[in-house]
Amino acid sequence: MIDALFTDSDYVATKKMLDVTLLRHQAIASNLANVETPNYKRLDVSPSFEAQLRQAVAGRDSSEIASLQPALAVDNNAISGRADGNTVQLETEMLKLNQNTVENTLETQLVSGSLARLRLAITGKG
Amino acid sequence: MINLLTGIDSTSSALDAERIRMDVIAENIANANVTKDVDGKPYQRQEVVFESMLRAQQDSDAPDAGSQTVQIARVQRDARPPRMVYNPGHPDANAQGMVAMPNINIHEEMVDMIASSRSYEANLAVVKNARAMAMQALSIGRHS
């Protein structure tokens, strides 16, 4: 039955979100690296992934959540306010960078919390 | 090879590129009054041209739109004409007493320098955050 502890849909979804924060960090690193490259278009995690994950979490289907693969895509909603066609805005990226790191902290703590509860259940002491 | 610090490729390429840009700006400011460059003409302002490069995908399950690194495509000369200054006593003055000075505007260089150091800082913040995330990942499941 120990298997069920690791296939719980919330636990699987948290792990998936950890992957997403790493991927988004990669996108932000790329965006900030190219903040002054003409015609560079900002990247982000593809919006279709978010919709799929939301659906899978609502259905509480662990195997479906685990099979989802987040991907990077060009952010078409970003508008260029600059003459060089670049769609990166430094301030927005910095905010997203910090937001993403906080999200990552939250998710690592959720995973750690699940493991700590499991340990408590096994040993009877924290 | 595993990559503990996500996005480090993009960030390191950007730090390298900004460093080179800073070197070019330093060269421009240092040569702002050079009337005789190696070719005998006044020094010409140089500027860097950035271009992005799709990071080579090593793993097969990599996402389609890969993250990009940045590199300096070339360092090109600014074709604007030299600044003409009236200074008949100067050894490089022409018959009318005008001296061709480099086409450098110190204010422009200073603004470029600030922009460059701001992007440098932004990229350092990315590494700092990547490091924080890596440390958190390493502490998953640790006894608190």
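How far does the backbone oxygen of A:Thr105 lie from a polar atom of the side chain of A:Thr108? In this predicted model, the separation between the backbone oxygen of A:Thr105 and that side-chain atom of A:Thr108 is 2.8 Å. A:Thr108 belongs to helix α5 of chain A and is buried, its relative accessible area being 4%. When residues up to four places away in sequence are set aside, A:Thr108 touches A:Leu18 of its own chain and, across the interface, B:Gln136, B:Ala137 and B:Ile140.

The helix that carries A:Thr108 comprises 34 residues, and the 49 Å from the first C-alpha of α5(A) to its last is close to the 50 Å expected at 1.5 Å a residue. Among the buried residues of α5(A) are A:Glu93, A:Leu97, A:Asn100, A:Thr101, A:Asn104, A:Val111 and A:Leu118, together with A:Glu107 and A:Thr108. In general, residues of an α-helix that are three or four places apart point the same way, because there are 3.6 residues to a turn. Just after α5(A), A:Gly124 adopts a positive phi of about 80 degrees.

A second helix of chain A, α2(A), has 25 residues and spans 36 Å between its first and last C-alpha atoms, close to the 36 Å expected at 1.5 Å a residue. Of the 25 residues in α2(A), 19 are buried, so this helix is largely enclosed by the rest of the structure.

The contact between the two chains draws 34 residues from chain A and 35 residues from chain B. Together, chain A and chain B bury about 2,600 Å², and 61% of this area lies on carbon and sulfur atoms. On the side of chain A, A:His25, A:Gln26 and A:Glu36 supply 20% of the area buried against chain B, more than any other three residues. One of these residues, A:Glu36, also forms a salt bridge with B:Arg21, in which the closest N and O atoms are 2.9 Å apart. The interface of chain A and chain B holds 1 salt bridge by the rule applied, and 10 residue pairs, both members at pLDDT 80 or more, are in polar contact across it. The elements giving two or more residues to the side of chain A that touches chain B are α2 (9-33), β2 (72-74) and α5 (90-123). Of these, α5(A) gives the most, with 13 residues. Sorted by class, the side of chain A that touches chain B consists of 18 nonpolar, 14 polar and 2 charged residues.

Two loop residues of chain A have positive phi values without being glycine. For A:Asn39, phi is near 65 degrees; this residue is found in the loop between α2 and β1 (43-45) of chain A and is exposed, with a relative accessible area of 54%. For A:Arg60, phi is about 50 degrees, and A:Arg60 is found in the loop between α3 (47-58) and α4 (62-67) of chain A.

Chain B contains 2 helices and 4 strands, which follow one another along the sequence in the pattern α-β-β-β-β-α. Buried residues account for 34% of the 144 residues in chain B. Among the contacts in chain B with a separation of 6 or more, 60% come from residues 24 or more positions apart.

Over all chains, 18 salt bridges are found in the whole structure. In chain B, the side chains of B:Glu108 and B:Arg45 meet in a salt bridge with an N to O distance of 3.5 Å. B:Glu108 lies in helix α2 (residues 106-138) of chain B, whereas B:Arg45 lies in the loop between α1 (8-30) and β1 (46-54), so the pair ties together parts that are 63 residues apart in sequence. B:Arg45 also meets B:Asp112 in a salt bridge, at 3.4 Å from N to O, and this pair links helix α2 of chain B with the loop between α1 and β1 across 67 residues. B:Arg45 itself is buried, with a relative accessible area of 4%, whereas B:Glu108 counts as partly exposed at 24% relative accessibility, and B:Asp112 is partly exposed at 24%. B:Arg45, B:Glu108 and B:Asp112 are among the members of a network of salt bridges that also includes B:Glu47, B:Asp78, B:Arg80 and B:Glu109.

Another salt bridge, between B:Arg118 and B:Glu121, has an N to O distance of 3.1 Å. Both residues lie in helix α2 of chain B, 3 residues apart, about one turn of the helix. B:Arg118 is partly exposed at 45% relative accessibility, and B:Glu121 is partly exposed at 44%.

Terms used: Residues numbered from 1 in each chain as written. Chains lettered and ligands numbered in written order. Predicted model: local features only at pLDDT ≥ 70, side-chain atom pairs only at ≥ 80, totals over all residues. Heavy atoms only, no water. Contact = heavy atoms within 4.5 Å. Buried area = accessible area lost by both parts, 1.4 Å probe. Salt bridge = Lys/Arg side-chain N within 4 Å of Asp/Glu carboxyl O. Polar contact = N/O pair within 3.5 Å; in protein donor to acceptor, adjacent residues only side chain to side chain. Nonpolar A, V, L, I, M, F, W, Y, C, P; charged D, E, K, R; others polar. Expected span 1.5 Å × (residues − 1). Buried < 20%, exposed > 50% of the residue type's maximum accessible area, 1.4 Å probe, protein only.
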